[in-house]
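Q: Can you walk me through this one? I'd like to start with a pair of strands and then go on to the cavities.

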Amino acid sequence: MSNAGKQWWKEAVVYQVWPRSFQDSDGDGIGDLPGVTARIPYLAELGINVIWLSPVFASPNDDMGYDISDYRQIMPEFGTMADFDVLLETAHAHGIKILMDLVVNHTSDEHQWFEAARGSRDNPYRDFYIWADSAGHDETGQPLPPNNWGSEFGGPAWEYDAGTDQWYLHMFSRKQPDLNWDNPAVREAIRELVIWWLDKGIDGFRLDAINIISKPAGLPDDPSVDPAKHSSSVPFVIKNGTHVHAWMHELNREAFSRYDCMTVGEMSSTGPDEAARFAGFDSEELDMIFHFEHMSVDSDPVSGMGKWSLKPVDLRELKGILNTWQTTLAGKAWGSLYWNNHDQPRVVSRFGDDSPQWREVSGKMLATVLHFMQGTPYIYQGEEFGMTNISFASVDDYRDLDSLNFYHDMVTERSLLSPDEGLHLIHHVGRDNARTPMQWDDSANAGFTAAAPWIDVNPNFHEINAAEAMSRPDSLWNYYRQLIALRRGELRELMVYADFVPLDPDDAEVYAYERRAHNGEKLLILANFTDREVTRDYLGMHGGESVISNYPDDAGEQLRPYEAKVYRIPVHEV
């Protein structure tokens, strides 16, 4: 069935909840499901209508829930299945759908499948995972990994199992063994758990790392691996593998298509042409994907260190990426829109200006640019009132496995970076920037918990918190609320379905584009990405009606620091 027409998930505004840091209800310092339920009215007031709930399944938490030990149980720290049922019922009562985080590239090594698999080469669950013999032995007689693949979290992607004299593959932590999707029994087990959750009443899935599930035959070496550098990305040779489209089509046919649900796939190293195959209106695979191209514009490709590097953002590069995605998918597939999530730094610190003078102004500008594009927008918890990056004084204050592995490898083990250099990169790039507790108010621990939080609260919570922002009509929070209301209300047709037309792609200071409806009506979106006043004269700008702006007055051709403004131009003025 074609998805080319109007769909509820095209018109949705999604809010990502990372439960561990959202709201603690029982005083143990860890966010939980009852805490999420208690904040449903807050989300309803903001105006969102879908919650993407990061993993809440049973897990030993080696990678904060992305290592699942039981797909049909709730992590005890987060509550019970009864708590989940209350959350689901409460969300639906407020007109909010629930999107679950499905992690099926790998499981935890504490999942019963893997515990059985590593017991014997003859166990039926052995083939649920990817095992290989040693490539040989080193000069000391120690077995060598089957190939040179590196893990996303650093080090080799293989772990030796002495009991069965083979290696198992883990593209992430060694406690996250990769599933063998070539085995039909694996795909059947995944299909059953998808149907189990959809029958429970959830409204869809975000599929984690789903484009790396098909590994190449023969497990060849990855020519891109540089052993002198810190590996921080999945080997290129396994991305968008031979069978991934067939398997997504199968999962859609046997499960997704039987429900009125929403699906979005997380996919690294995937361009817009490939995305159109996954999320094409007639592809019958997924509804949309998350891509990462714009998440690398501040990384230095010359360093060879992937995300663990920094360079200044060139607006022209950022526009080139986002504009290409908009125009390539147009009329063929649907896209997702996001600035940050649980794996990315805070957007106002990354692409805006988090100084007290400009934090909200630049936050509004960034929100304007994103929410007026075509695609389904995603808001990450705290983004709506401008939470910022965190700079802990010691690496011991961080909890993110990826950051800790990076520091251990580059600073402690190999001394390739000084402690200050390692911390500087973690301050800017580390995933804990997104994972400090939600700043609800200016009370103790920002209203997140009555106990010591699992990770320290950003000390700026006294000034930056939801309660303070909600109290001011001109706040960033109320600006987000206005954007959402426009998208779900009077501007739905233009913001959701109108064509995207880029303007002046070589302008290094201003992001400008139009949304053009088939009847000739259009929106003109202008955003100054600098802390300086600039002048731009766009045809038709003065003839339109101001829709929204982050400044209280209109300065005409002048665009003040981080100013964003949107004009609605009627048909007769086009």
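A: Here is a short chat about a hairpin and two cavities. Keep in mind that this is a predicted model.

Q: How do S9 and S10 pair, and over how many bridges?

A: Strand S9 covers residues 158-161 and strand S10 covers 166-169. They pair in the antiparallel sense, over 4 bridges.

Q: Which residue in S10 is the bridge partner of Trp158?

A: Leu169 is the partner of Trp158.

Q: And between the strands, which residue takes a positive phi?

A: Asp165 does, with phi near 55°. This hairpin has 4 residues between S9 and S10.

Q: New topic. How many cavities of 30 Å³ or more are there?

A: The count is 4. The largest has a volume of about 170 Å³. Its lining has 17 residues, and the closest to the centre are Trp325, Gln326, Ser336, Leu337 and Gln374.

Q: Which element gives the largest share of that lining?

A: Helix H8, with 4 residues. H8 spans 315-329, and strand S14 (336-337) also supplies at least two.

Q: How many charged residues are in that lining?

A: None. The largest cavity is lined by 10 nonpolar and 7 polar residues.

Q: What about the second largest cavity: what is its volume?

A: About 60 Å³. Its lining includes Arg346, Glu383, Met387 and Tyr480. Helices H9 (347-350), H10 (359-371) and H14 (476-488) each give two or more residues to it.

Q: How do those lining residues divide by class?

A: The second largest cavity has 6 nonpolar, 3 polar and 2 charged residues in its lining.

Definitions and conventions: Residues numbered from 1 in each chain as written. Predicted model: local features only at pLDDT ≥ 70, side-chain atom pairs only at ≥ 80, totals over all residues. Heavy atoms only, no water. Pairing = 2+ DSSP bridges. 1 Å grid on protein atoms, 1.4 Å probe; cavity = no way out; pocket = protein on both sides within 12 Å on 5 of 7 lines; lining within 4 Å. Points joined across faces, edges and corners; volume = space filled by probe spheres on them. Nonpolar A, V, L, I, M, F, W, Y, C, P; charged D, E, K, R; others polar.
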